[in-house]
Each structure stands twice: as C-alpha cells, then as structure tokens.
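Biologist: Could you take me through one part of this protein in close-up? I'd like to look at the metal site and then see what sits around it.

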Amino acid sequence: MRRVLTAATAALTLTTAGTMLAGAPGQAAPTAWGRPTVTAAPQPGAPGLGDTYFPDYGNGGYDVEHYDVRLRYEPTTDRLTGTTTILATATQDLSSFNLDFLLDVESVRVNGWEASTSTAGVHELVVTPARTITRGQQLTIVVRYAGVPSQTLVGGYSSWTRTADGALAVNEPESAWWWFPSNDHPLDKATFDISVSVPTGVEVISNGVQPRPPLAEAGNRTRWIWRTTSPTATYLAFLAIGQYDIVTDTTPGGQPVINAYSTSLGALRPAARASIERTAEIIDWESGLFGPYPFEAQGGVAGPVDGIGFALETQTRPVYGPGFWRRGANTYVVVHENAHQWFGDSVSVAEWRNVWLNEGFASYAEWLWSEEQGEGTAQELFDFTYDSYPADDEFWQVLPGDPGAAQVFDGAVYDRGAMALHQLRLAVGDDAFFEILPAWTTAHRYGNGTTAQFQALAEDISGLDLDELFTTWLFTAGRPDVASAARTATPPAAPKSWAKIREAHELLSHQ
Ligand SMILES: [Zn+2]
C-alpha cells in the first residue's frame, strides 16, 4: 500500500519516545504462591509498545480481546459519532492507561465508573480511572466520541478518505485513530463487531461476515452490522461507506464471499470484477502454498474513483483503489493482497521494521502466480528485476530488513524482499522452501513474527546456516553479486507478467 504520513509521524512521535519504556510493567516478581512479594504503587501504562520505528504506537498495561465499534455516519457532512466498547485485561497495576485516538471524546467509563481524560503527544488519549486497576482485572472501557475525521489532521494529513458518496477508513499503519479508540499496534490483536448507521440507500462494508441483514432504524436510516471472529490487527479493520453493488457467494469449501463494487467505477467496473471475482480461486491456490486460509470469510472491495490510490490487505476483504483497473484486469494485485491474509494479517509484524515479512512475501506470491499462469518464472522475474536496477541505483541503498520509518513502503521492501525470498528458495531447494512457507504461517498463526524467527525456522527446516544470505539480501546496502549459476543463461526479456506486476507495485509502494 502507499501512504504519506510516515515522515510526519516519525518526526512527531519523537516527542514522546523518550518516555516510552518508563511505564513498563512494574509488577513485582511472583512468589511461589503466585502473589507479588511487594505491593508496588500502580503505575501509568506505557504510551507505546516499544516499536523501533513508531515508539508511541499502541500502549502498555493492558491487552484487548474485543472491540465493539458502534457508529453513526453522515455522508453529507462527514460527521461521525460513536461508542466503542473495549474488552481488555490489565497486564499490570494501573493508575492510568492510554488509548490511541484523535476524535473528540465526550466520555470514558471504565467498568461503569466515569474516568477522567486528557490528551498527550500526537494521538494519545490518557484515561485515568476513578479507581486504580489491578493486574489481571477484566476491563470494560466505554468511549463515547464524535468528530469530522477528514478534517482531523496529523501533519496535515488524515487517513480517513472522504468521497463524493461516503468515506473510506483504509490505511497502514495509521487508520484506527480516526474512527475508533484502540491499542493501535499489531502486537495487540482483537476480534471486532462493527456497526454503522447511515441514511438508507448508503452501503457500509467492513470485515468478516454480516451476522444479520442490515437493520432499519428510525429516521429513514439503516444500520449495517459486521463481525470478525479472528484476531485482527487494528490497522486491518476497515470501513467502506458509499454507493456499492454487493455481490455475495459461497466458495466450494463453504466460505462466505462478499465483494463490493463502487457504483462510481463506470467503465472500470468490468476489469475490477474480472480481477476481484477471482479471489476464491486465488485463495484456493494460495492455500496450497501457504497452508489453510486463516479466516472466516473472503472478498474484496473495489473503492470509488475519488477514493484511495493504493490497495490494502484489510482482513478477510482487501480494498482496492481504482488505479489497478485502468489498463484492464489485474489479478496480480489480488494475489498480492490475499497473500497478505497469511503474511501480514494472520502472521503480523512484531515491529514495523519487519515489514518485508509482509511485502516481500506478498510480492513473491505474485512471482509464483506468474509461474503458475505461464507468464514468466520467478527466476525470470528475479533476473529482470535485478537487471532493471543498475548497481548504482538508490534502490539498492534501502535495506528491506530495516528500511527506516520513512521508508517502510519503499519499493525495495517489496522487490528486494521478493528477491531475498527467491535467493532463499535457490539456497534451500524447492522442497524445503515450500515446507518453510506453511510452517511459518502455522507457527505464528494469529500472532506476530520477526525476521530472526523466520531465519531460524528456515535454518531449522533446511539444515543450512543462512546468516550470510539474510545479511546480504536484507541488511546490506548495495547490489549483491549473483553467481552466474543462479541466473538464466541469456539476459532476460521482460516476462509477460512484468507489466501487470509493475502497474500494481507502482501503486502499492513508493517507487
Ligand atoms: Zn502489500
């Protein structure tokens, strides 16, 4: 995907970075009876989870199990009002804790008691409960709020995209701040119930399934109700509100398929359908490579012509900007976003510096699809990519394994990340490589992973020391030398799939 906020927040978050770890859990060591030996005074929860790139994203001191996000939206004014109920467990004794949120908060209650609130940093809502919280306590946090998200800016930017007929809440890593208070980091996943009341005739699409049909409400309004029962990172929850045609179906395996097409697409609509309607086929093929599909529903949303310029792997249902359909159907972006359901959504980054574990893998899935379709082998795509960036190109200066906060979506994270995986495949052989991929998605299913953990798994399965390969391809500036044995004999012409993959990557990454 593509975003513009990184540089702004990377700079802004430095103001709170210094205090990041000060509030780390201060609980005393348990005794043999499992009780603290001393009673430390309750401390504030940390304002971040220690992410190297985004230190104040997420919060310490509690773990969220579920978000109930209940909203009311007015497309004509972009006014959003809502109540989010957060079910969480305290992981330390807490005098206060933070939520990540930007809209105006009317009230916060913690276990029924009105809490006091203040704001801090760029996006921190500090909640001080009426009573201190003890470690292990179950928390019900009810936040009532309102705002105009498209006019709520951070560094001049809003992740909430207002369109002619509605809005899109789709972005990475920052998206939740504009529509629900959260512990906004992939380390704290939760399930979601999301419902939105809109004027009747407007559609609302979100994650998962619809546990019941849209509900008529007073005042000629309709409430759309969505539920996702798999652990979901906060940035992978989404809203698409506007005029959509919804197409539903069931896969041969019995999974619900819910696709939606903005009515604004016009002449782009057939190409969008010819791509997104192949989602079930693509997920079936990917399941054969990556292991069982991790979620309870499938689908895709073709966003409006005045919406986003990228695509995002929003869980169970990626959202695609219109640019992917301008030159005809593009199944490569559908392959990419659905590969993320395994690599990114089910297995999420433990820190954003690990982003190549998302983008390198989703990009390599495109190379595998090209191979499957007879449109060029992964080797041919590797060779052509390698040759298309001269050794002195700045592309080779970005380290996919540690690109920096401002470059998490740099083209090198995608393309050199895919090249790193291809080198791994060559080093360990196809048998081991195609054992490593599902082993990874199984070992970290619904959780998080790091590059070091992936390397360890690959070494375990292959029996090889892969340190030099990972260091060379992920953590060393400059174009690595490639032995002639690892290249096709003749300098490659562009594989047939090249143009479509390029088109997709120009919109997905910063090229
Ligand atoms: Zn991606």
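Modeller: Let's begin at the metal and then move out to the domains. A quick note first: this is a predicted model, where local features need pLDDT of at least 70 and side-chain atom pairs count only at pLDDT 80 or more, while totals for chains, interfaces and linings use all residues. Residues are numbered from 1 along each chain as its sequence is written, and side-chain values use heavy atoms, with hydrogens and water left out.

So, the zinc ion. Its protein donors are H336 (NE2), H340 (NE2) and E359 (OE), 2.0 to 2.1 Å away from it. Donors here are N, O and S atoms within 2.8 Å of the metal (3.2 Å for Na, K and Ca), and as water is not among the atoms, sites may look incomplete. Along the sequence, the donor residues follow the spacing H-x3-H-x18-E. H340 sits in helix 5 (residues 331-342) and E359 in helix 6 (residues 356-373), so this pair, 19 residues apart, links distant parts of the chain. Helices are DSSP runs (H or I, at least four residues), strands are E runs of at least two, and both are numbered from the N terminus. H340 and E359 are both buried, meaning under 20% relative accessible area (exposed is over 50%, partly exposed in between; 1.4 Å probe, protein chains only).

Now the surroundings. UniProt, in an unreviewed entry, places "domain: Peptidase M1 membrane alanine aminopeptidase" at residues 330-473; such annotations may be inferred rather than shown by experiment, feature names are shortened, and positions are given in the numbering used here. Over residues 330-473 the chain is 64% helix and 3% strand.

Zooming out, the chain is divided into domain 1 (51-242) and domain 2 (349-509), with bounds from an automatic or database domain assignment. Their C-alpha centres lie 34 Å apart. Where they meet, 13 residues of domain 1 and 16 residues of domain 2 take part in the contact, which means heavy atoms within 4.5 Å. The two domains bury about 1,300 Å² between them, 58% of it on carbon and sulfur atoms. That buried area is the accessible area (1.4 Å probe) that two parts lose on being put together, summed over both. On the domain 1 side, T52, Y53 and E172 supply 42% of the area buried against domain 2, more than any other three residues.
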